[in-house]
Amino acid sequence: MQPTMYADVILPVPFESFTYAVPADMQAVIGVGWRVVVELGQHKQYAGIVLRLHDHAPQGVAVKPILALADEAPIVTDAQLRFWQWVADYYLSPLGDVYKAAFPGSMKKGVQRPTRRRKKGTETPDAADGQVPAVLSPLSAAQQQAYDGIIASWERDGKDITLLHGVTSSGKTEIYIHLIRRAIDAGQQVLYLLPEIALTTQITERLRRVFGDDMGVYHSKFTDKERTDVYMRQLSAQPCHLILGVRSSVFLPFQRLGLVIVDEEHETSYKQQEPAPRYHARSAAAMLARFSGAKTLMGTATPGVETFHLAQTGRYGYVTLLQRYADMQLPDVEIVDIARLRFQKRMKGAFSPRLIEAMGEALERGEQVILFQNRRGFASFIECRHCGWVPRCQHCDVSLTFHKRTGRMTCHYCGASYELPTQCPCCETAEFQKKGTGTERIEEQVSRLFPSARVSRMDLDTARTRQQYEQIIDEFSRHDSDILIGTQMVSKGLDFAGVSVVGILDADTMLNIPDFRSYERTYQVLAQVAGRAGRKGRRGRVILQTRSAQLPLVQHVVDNDYAAFFREQMEERELFHYPPFRRIICVYLRHRDNDLLQHLAEETAVLLRRAFGDRVLGPDAPPVSRVSSLHIRKIMLKMEPTAQVAAVRQTLLSVQQEMMSRPYVANLHFYYDVDPM
């Protein structure tokens with residue numbers, strides 16, 4: 001009689017795995033990494049991934065059988081499963097959540113129809129085109145020196161990770177291209193990570209001219225079928241040698257990964273916020289490279305404080321590229337004190353006289369302008385003129401943003417939409433004023449100031465799809481529009497030859513965020529936005545409008561003095577025990593009952609203090625303490641970098657289990673944010 005075989009199967013639900021019986025006719029075929037169709041509950045079917053096979057029958061539960069094999073071969077490699085396990089362990093997330101993040105939607109459905117993997121000789125014409133010979137552009141002397149320095153840090157100094165610190169428009173991408181060609185010629189695969197989907201639009205054509213159809217592009221704006229095709233090709237006999245993608249592309253299968261490039265490594269977009277796992281793609285990519293024996297290159301003009309610290313202390317290799325390509329000068333940054341101008345009533349909406357003058361001169365010369373405003377919508381909120389009442393979301397603890405295009409108020413947390421009030425519920429008057437300035441209002445003001453200018457806007461309202469992203473960027477690249485207004489999207493590595501003036505309309509909005517990284521983010525965004533000016537031709541000009549003109553941070557941006565900024569940040573962070581001197585783990589609790597939640601959060605903090613002592617801070621209500629009708633409490637742990645990850649994880653999960661076992665706890669949600677941004 002054939003012994004009973006069991007399979008632990010990962011499903012796209014927030015648990016580690018579930019055990020199923022392997023039917024006798026599958027036992028000779030099935031293996032780890034196979035996708036199988038199983039039933040969960042009474043009626044739901046899912047496609048799961050076999051994590052392990054064994055002969056240990058679960059005790060006290062009825063074991064259901066695997067219904068079918070979904071494929072003709074395994075579709076998750078052993079290396080991928082090791083990587084999934086690391087993500088789950090480090091970011092305190094169940095394997096099921098990692099699986100959900102790793103696969104396109106259709107690959108997780110319980111369809112009992114086999115999906116055939118391409119066999120050798122059956123690739124599509126595009127895939128069969130393979131490598132396309134192309135002559136690389138020669139590197140400048142400065143670029144060649146940086147390129148040689150990167151190779152030396154890997155081969156001579158034995159560094160697995162190297163930071164390329166290059167000023168904006170220094171030609172970092174050209175260095176990446178030469179390194180990619182070197183890796184491919186050695187028979188290796190390359191993962192090229194970008195923080196934003198918008199950036200792939202510009203870089204894709206540049207890379208395709210060199211690498212042809214030997215490149216795959218992978219991000220969430222592609223259709224489910226397109227992403228599935230890229231995933232399955234990576235398992236075929238002729239996979240793409242180069243993958244260009246955003247954070248989710250770290251979960252693709254690689255057979256011979258030799259190089260990982262993390263461009264704009266400082267970007268917060270690399271951190272997944274919702275849903276779990278809340279991983280940081282920069283850290284995950286470096287770990288993926290380590291598992292594969294590959295090298296990692298991180299590039300940026302404004303390094304993250306922790307990354308720069310690792311480079312300065314010798315953990316990472318460090319290479320600089322401190323001059324712009326073709327000896328172009330960095331832009332001239334002018335500070336405009338808008339607090340004084342507003343007092344003198346000299347501002348025209350959000351625009352100072354100096355910014356209006358600079359924009360007018362650029363437009364007369366046939367040049368382009370970028371305007372940065374880090375708020376979308378028309379007005380940040382609406383307020384009653386008489387009593388000050390402000391409409392707020394019914395489900396979240398935030399005011400509503402007014403969008404003029406739709407004529408409605410929207411919650412930017414849960415997405416709920418509301419009609420404009422006709423009467424104040426407090427004083428019954430009908431007079432409201434729109435406070436705050438978003439990109440929609442800026443667009444309206446620009447059209448009044450420069451009626452003949454062609455204006456486009458790039459934010460989450462105008463660029464929701466891949467086609468919208470590409471259309472806005474293509475139009476501005478072709479000079480079909482003169483002025484581009486945008487949120488942080490316009491700061492993320494875009495390269496427009498015709499831009500000579502950049503206006504930063506309000507540099508203070510990010511400084512007032514109650515977060516230890518607010519100064520770091522502000523410096524990075526301001527420096528990156530400023531770098532969009534003068535990338536070709538004449539020297540660019542940046543008009544930086546601020547109410548904090550005397551702040552040292554502002555002067556560091558003007559002087560392009562990252563070293564001074566870094567020294568100030570390190571002194572402050574060491575004093576208050578923030579990264580890189582401590583590792584932060586935030587424990588979040590959510591519940592519909594605010595009073596019960598406060599009690600549960602306090603009990604949780606007591607249990608954590610028994611284990612971690614004064615490393616535990618809180619519980620506190622975060623700045624936005626209710627989202628989608630769930631109240632939120634946060635407990636912060638500041639752990640020494642030497643603390644054992646496994647031991648910390650075990651303690652946290654034990655505390656969670658103890659809290660969830662209490663009889664008065666129902667519908668309490670626990671989740672973790674490791675290395676929060």
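Start with the whole chain in cartoon view: you should find 18 helices and 28 strands in the secondary structure of the protein. The radius of gyration is 27 Å, close to the 26 Å that the globule rule gives for 677 residues, so the protein is as compact as a globular protein of that length. Keep in mind throughout that this is a predicted model.

Still zoomed out, switch to the C-alpha trace and line up the view with the principal axes. Along those axes the trace spans about 90 × 70 × 45 Å. Now colour by burial: of the 677 residues, 55% count as buried. If you like contact maps, draw one here. Among contacts between residues at least 6 apart in sequence, 74% join residues at least 24 apart.

Next, turn on the surface. The accessible surface of the protein comes to about 29400 Å², and 49% of that belongs to carbon and sulfur atoms. With the charged side chains selected, you have 83 positive and 76 negative charges, and their mean positions are 2 Å apart.

Time to zoom in on the backbone. Most peptide bonds are trans, and most residues other than glycine have a negative phi. The next four stops go against those habits.

Select Ala-276 and Pro-277. A cis peptide bond joins the two, with omega at about 5 degrees. Look to either side of Pro-277 and you'll see its setting: the loop between strand E10 (257-263) and helix H8 (281-292).

Now jump to Gly-618 and Pro-619. Is the peptide bond between them cis or trans? From Gly-618 to Pro-619 the bond is cis, and omega is near 15 degrees. As for the surroundings, Pro-619 sits in strand E25 (residues 616-620).

From omega, move on to phi. Pick His-479, in the loop between helix H13 (466-477) and strand E21 (483-486). His-479 is not a glycine, yet its phi is positive, at about 65 degrees. Is this histidine buried, partly exposed or exposed? The cut-off for buried is under 20% relative accessible area, and exposed starts over 50%. His-479 has 24% relative accessibility, so it counts as partly exposed.

For the last stop, select His-577. Where does it lie? Its place is the loop between helix H16 (562-576) and strand E24 (583-591). Phi of His-577 is near 60 degrees, again a positive value in a residue other than glycine. Show the surface around His-577 once more: with a relative accessible area of 36%, this residue is partly exposed.

Conventions
Residues are numbered from 1 along each chain as its sequence is written. This is a predicted model: local features need pLDDT of at least 70, side-chain atom pairs count only at pLDDT 80 or more; totals for chains, interfaces and linings use all residues. Side-chain values use heavy atoms; hydrogens and water are left out. Helices (H or I, at least four residues) and strands (E, at least two) are DSSP runs, numbered from the N terminus. The radius of gyration is taken over C-alpha atoms; the globule rule is 2.2 Å times the number of residues to the power 0.38. Buried means under 20% relative accessible area, exposed over 50%, partly exposed in between (1.4 Å probe, protein chains only). Contact means heavy atoms within 4.5 Å. Accessible areas come from the Shrake-Rupley method with a 1.4 Å probe; for residues, only the protein chains shown count as cover. Lys and Arg count as positive and Asp and Glu as negative; His and the chain ends are not counted. The place of a charge is taken as NZ of Lys, CZ of Arg, CG of Asp or CD of Glu.
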